[in-house]
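Please walk me through this model stop by stop, telling me what to select in the viewer and what I should find at each selection.

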Amino acid sequence: MDDVTQLSDLARSRGIRVAVAESLTSGTLAGAVGEGESASEWFAGGITAYMTEVKERVLGLTPGTDPCSAECAEQLARGARELFDVDLAVSTTGVGGPDAEDGHPPGTVYLGWATRSAGGHRRLDLDGDPDDVLSATVEAAVRMLAFHAAEA
């Protein structure tokens, strides 16, 4: 069973509502999650926020937070969870490459997660070209959603 199918099965059977916040993945994660069976019943939606000012205004990112950090990923996930009023949200942020940004090497990625009672992050150090980094990030984020849906 692939991760989107597992997420879909868990969300439907447990009544879990899900959302995503994306910077690095530019809507690709929402597209992948939206392919799940009966997604309109459990996937509230996603937001793509590249500009720091949008992250701050819409998702509650604290001004001055490094956009490629655990803190940013956690705040984006928490902001999406609150914005969409869902049980579980995951966020993506980082450096896709091919070049470093703000002192962070390409492939430095943070996934954030938030439930109604907890939150956290996972750092990924990925190799490859920007497409490889993007694909690996989306796969890891869907796995993270499925993992936390199973824990709910």
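## Starting in the middle of the sheet

Select Val18 and Leu88 together: Leu88, in β3, is the bridge partner of Val18. You are looking at a predicted model, so please read every stop on this tour with that in mind.

Stay on Val18 for a moment. Val18 belongs to strand β1, residues 18-22. Is Val18 buried or exposed? Its relative accessible area is 0%, and because buried means under 20%, Val18 counts as buried. Now show its surroundings, leaving out residues up to four places away in sequence: Val18 touches Leu7, Trp42, Phe43, Ala44, Gly45, Val86, Leu88 and Leu145. For a distance to draw, pick the C-alpha atoms of Val18 and Leu111, which are 93 residues apart along the chain and separated by 15 Å.

## Widening out to the whole sheet

Next, colour the strands. In which order do the five strands lie? They run β2-β1-β3-β4-β5 in an open sheet with mixed pairing. The edges are held by β2 (43-48) and β5 (119-125), each with a single partner strand, so each has one side without a neighbour in the sheet. From one strand to the next, the twist averages 15°.

A reminder before you inspect the pairs: strands of a sheet pair through backbone hydrogen bonds, either parallel or antiparallel. Here is what to select, pair by pair:

- β1 with β3: this pairing is parallel, over five bridges.
- β3 with β4: these run antiparallel and are joined by seven bridges. For a landmark, click Thr93, which stands opposite Tyr110 in β4.
- β4 (residues 108-115) with β5: this pair is antiparallel too, with seven bridges. Here the landmark is Gly112, standing opposite His121 in β5.

Before leaving the sheet, select β3 by itself, residues 88-94. How many of its seven residues are buried? Six are, so β3 is largely enclosed by the rest of the structure.

## Two helix pairs

Two packed helices are described by the angle between their axes and the distance between the axes. Keep both quantities in mind for the next two selections.

First, select α1 (residues 3-14) and α6 (residues 130-151). Their axes come within 9 Å and cross at roughly 30°. Because angles under 35 degrees count as roughly parallel, α1 is roughly parallel to α6. The crossing of α1 past α6 is left-handed. To see what makes the contact, show Asp3, Val4, Gln6, Leu7, Leu10 and Arg14 from α1, then Glu139, Val142, Arg143, Leu145, Ala146, Ala149, Ala150 and Glu151 from α6. By type, these contact residues are eight nonpolar, one polar and five charged. Two of these names should be familiar, since Leu7 and Leu145 were listed among the residues that Val18 touches.

Now move to α4 (residues 52-59) and α5 (residues 70-84). These axes also come within 9 Å, and they cross at roughly 45°. α4 and α5 are therefore oblique to each other. Their crossing is left-handed. Which residues meet here? On the α4 side, select Lys55, Val58 and Leu59; on the α5 side, Gln75, Leu76, Gly79, Ala80 and Leu83. This contact divides into five nonpolar, two polar and one charged residue.

## Three backbone spots in the loops

For the final stops, switch to a backbone view. Most residues other than glycine have a negative phi, and most peptide bonds are trans.

Start with Ser26, in the loop between β1 and α2 (28-33). Ser26 is not a glycine, yet it has a positive phi of about 50°. Its relative accessibility is 41%, so Ser26 counts as partly exposed.

Then go to Asp85, in the loop between α5 and β3. Asp85 also has a positive phi of about 50° without being a glycine. With a relative accessible area of 47%, Asp85 is partly exposed.

Finish at Pro98, in the loop between β3 and β4. What is the form of the peptide bond that leads from Gly97 to Pro98? Turn on the backbone atoms and look at that link: the bond is cis, with omega near 10°.

Definitions and conventions: Residues are numbered from 1 along each chain as its sequence is written. This is a predicted model: local features need pLDDT of at least 70, side-chain atom pairs count only at pLDDT 80 or more; totals for chains, interfaces and linings use all residues. Side-chain values use heavy atoms; hydrogens and water are left out. Axes are lines fitted to C-alpha atoms, for helices over the stretch in contact, and angles run from 0 to 180 degrees between N-to-C directions. Helices (H or I, at least four residues) and strands (E, at least two) are DSSP runs, numbered from the N terminus. Angles under 35 degrees count as roughly parallel, over 145 as roughly antiparallel, 65 to 115 as roughly perpendicular and the rest as oblique. A crossing is left-handed if the near helix is turned anticlockwise from the far one by less than a right angle, and right-handed if clockwise. Contact means heavy atoms within 4.5 Å. Ala, Val, Leu, Ile, Met, Phe, Trp, Tyr, Cys and Pro count as nonpolar, Asp, Glu, Lys and Arg as charged, and the others, Gly among them, as polar. Buried means under 20% relative accessible area, exposed over 50%, partly exposed in between (1.4 Å probe, protein chains only). Two strands pair if DSSP finds at least two bridges between them.
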